[in-house]
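Below is a short note on the structure you sent round. The points take the cysteines before the sheet.

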Amino acid sequence: SQKGQEALILEKSRGVGGRLATRRIDNQGLDHGALFLDFIKNKLLVGGMSSYAKSMTTNLNILKEHKVEKISKSSSGWRIGTERGPEFTCLNLILTAPAPQAIELLKDSALYPPSHSVSNVSYSKALILLMIAREIPLPLQSMELDDYSIYFMRERNLHPNGIVIHLPPGPSEIYFEEPDKVIISHFKTLLAKSALSQLEIEKYELKKWRYARPLTTYPTPFLEILPKLYLCGDAFGNPVDSAQALARAV
């Protein structure tokens with residue numbers, strides 16, 4: 001926009017933010033964005049981590065619930081087909097999804113260069129349990145238990161009886177494809193060993209992040225994988241640095 005170019009963001013979800021995620025239960029928030037639970041502190045995010053994303057996108061040109069299904073070349077650059085039906089054309093196309101999702105879209109569109117090394121970028125998985133307790137004694141605070149992170153949402157001015165448990169990458173990888181009831185049972189076994197064992201839990205909700213955090217990254221800040229078709233984001237290191245480097249180049 002600063003260069004006088006018209007920009008449009010196509011967002012597949014109903015809201016912005018991706019892994020800056022806040023779930024509302026009983027009309028009150030529980031943060032569960034896998035990558036950001038430890039990173040972002042309560043003082044910065046009154047109203048939940050998704051509010052931070054919303055504040056950054058207020059004046060941007062965004063179409064929500066527009067999942068891209070197909071990409072093809074056009075006379076002026078690129079044509080983008082969406083699940084809802086509308087097509088869009090652009091000169092420069094930038095994909096910011098996690099690398100495996102971007103590659104899958106390119107393969108579906110018969111555009112992915114065979115055996116490109118960006119396919120070596122890998123991600124950890126994350127399993128996160130949201131719980132609502134009947135009551136939480138005041139002395140209880142966010143803690144670590146066997147490398148599992150336990151967060152009390154009242155510390156973020158969110159759901160006063162909300163608890164979020166984040167499994168580390170190892171157990172998340174092991175249990176990720178198991179049925180939800182098996183995964184929740186594993187969480188309950190963990191709870192039985194903690195100070196939370198005496199709490200009366202009224203609601204459980206499981207969240208799965210298949211692409212929680214990059215384990216490996218590509219050696220450049222972005223990639224022009226085809227002429228005027230770019231990949232950027234956390235697959236290339238710090239996502240802010242990646243975006244800024246690409247903005248200078250395009």
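1. In C232, the sulfur lies 14 Å from the closest cysteine sulfur, that of C90, which is too far for a bond. The structure is a predicted model, and the distance is computed from it.

2. The reverse check gives the matching result: for the sulfur of C90, the closest cysteine sulfur is in C232, 14 Å away and too far for a bond. A disulfide would need the two sulfur atoms within 2.5 Å. By this rule the count of disulfides is zero.

3. Are these cysteines buried or exposed? C232 is buried, with a relative accessible area of 7%. C90 also counts as buried, because its relative accessibility is 18% and the cut-off is under 20%.

4. On the sheet: five strands make up an open sheet, ordered β10-β11-β12-β9-β13, with antiparallel pairing. At its edges are β10 (143-145) and β13 (201-214), each of which pairs on one side only. From one strand to the next, the twist averages 20°.

5. Within this sheet, β9 (residues 123-133) and β12 (residues 162-166) run antiparallel and are joined by five bridges. L129 stands opposite I165, a residue of β12. As background, strands of a sheet pair through backbone hydrogen bonds, either parallel or antiparallel.

6. Which helix lies across the strands? Helix α4 (residues 180-192) does, crossing β9, β10, β11 (148-152), β12 and β13. Relative to β13, helix α4 runs at about 105°.

Definitions and conventions: Residues numbered from 1 in each chain as written. Predicted model: local features only at pLDDT ≥ 70, side-chain atom pairs only at ≥ 80, totals over all residues. Heavy atoms only, no water. Pairing = 2+ DSSP bridges. Helix = DSSP H or I, 4+ residues; strand = E, 2+ residues; numbered from the N terminus. Axes fitted to C-alpha atoms, helices over the stretch in contact; angles between N-to-C directions. Contact = heavy atoms within 4.5 Å. Buried < 20%, exposed > 50% of the residue type's maximum accessible area, 1.4 Å probe, protein only.
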